[in-house]
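Subject: Structure handover and notes

Hi,

Here is the structure I promised to pass on to you. Please have a look at it first, and then read my notes underneath.

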Amino acid sequence: MTREEFEELVSLALDRVPPELMRLMDNVAVFVEDEPEDPEDRELLGLYEGTPLTDRGEWYAGVLPDRITIYRGPTLRMCASREDVVAETEITVVHEIAHHFGIDDERLHELGYG
């Protein structure tokens with residue numbers, strides 16, 4: 001799958017997030033990268049970097065946007081078919097958005113977004 005096709009899948013996954021949630025997202029940007037920077041993170045599908053909405057206070061102003069990165073290489077390596085890539089991309093996008101809302105990995109696993 002080309003990078004352009006994968007970027008389109010990420011875009012489609014974002015389009016499937018309910019508009020009510022998308023409106024609540026604040027100061028966050030979504031990126032696609034081929035691989036995580038750290039070679040030890042070879043299996044990392046996505047990464048949220050920033051300050052979750054639940055941790056923001058009066059001090060939160062004038063900061064760079066939070067960053068959600070979805071990794072193409074690890075996703076393609078773990079999936080056996082295009083349908084698997086589509087499903088895993090949707091799960092990963094929701095998982096990383098949930099971190100923006102302050103939901104931790106333990107709760108995401110309980111909800112099936114682990």
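Below is what I found, starting with how the values were obtained.

This is a predicted model, so please read everything as computed: local features need pLDDT of at least 70, side-chain atom pairs count only at pLDDT 80 or more, and totals for chains, interfaces and linings use all residues. Residues are numbered from 1 along each chain as its sequence is written, and side-chain values use heavy atoms, with hydrogens and water left out.

Let me begin with the sheet. It is open, has three strands in the order 1-3-2, and its pairing is mixed. Strands here are DSSP runs of E with at least two residues, helices are runs of H or I with at least four, and both are numbered from the N terminus. Two strands count as paired if DSSP finds at least two bridges between them. Strand 1 (28-33) and strand 2 (46-49) are the edges; each has a single partner strand, so one side of each has no neighbour in the sheet. From one strand to the next, the twist averages 15°.

Strand 3 pairs with strand 1 in the parallel sense over six bridges, and Glu-33 has Tyr-71 of strand 3 as its bridge partner. With strand 2, strand 3 pairs in the antiparallel sense over four bridges; there, Leu-47 stands opposite Thr-69. Strand 3 is also mostly covered, with five of its six residues buried. Buried means under 20% relative accessible area, exposed means over 50%, and partly exposed lies in between (1.4 Å probe, protein chains only).

Helix 1 lies across strand 1 and strand 3, and runs at about 150° to strand 1. Axes are lines fitted to C-alpha atoms, for helices over the stretch in contact, and angles run from 0 to 180 degrees between N-to-C directions.

Next, the largest nonpolar core, where a core is a set of buried Ala, Val, Leu, Ile, Met, Phe, Trp, Tyr and Cys residues joined through side-chain atoms within 4.5 Å. This core has 16 residues, of which Phe-6, Val-10, Ile-70, Val-93 and Ile-97 touch the most other members. Helix 1 (3-15), strand 3 (66-71) and helix 4 (82-100) each supply at least two of its residues, and the largest share, five residues, comes from helix 1. Neighbours within four places in sequence aside, Val-93 is in contact (heavy atoms within 4.5 Å) with Val-10, Ala-13, Leu-14 and Ile-70.

Helix 4 deserves a look of its own. Its 19 residues should span 27 Å at 1.5 Å a residue (taken times one less than the number of residues), and its end C-alpha atoms are indeed 27 Å apart. Its buried residues include Val-85, Glu-88, Thr-89 and His-95. Among the elements that cover its buried residues are helix 3 (72-78) and helix 5 (105-110). Gly-102, which follows helix 4, has a positive phi near 90°.

Arg-82, also in helix 4, is partly exposed at 44% relative accessible area. Its C-alpha atom is 8.2 Å from that of Met-1, although the two are 81 residues apart along the chain. Beyond its neighbours within four places in sequence, Arg-82 is in contact with Met-1, Glu-5 and Leu-9.

Finally, Asn-27 has a positive phi of about 60° although it is not a glycine. Asn-27 sits in the loop between helix 2 (19-24) and strand 1.

Best wishes
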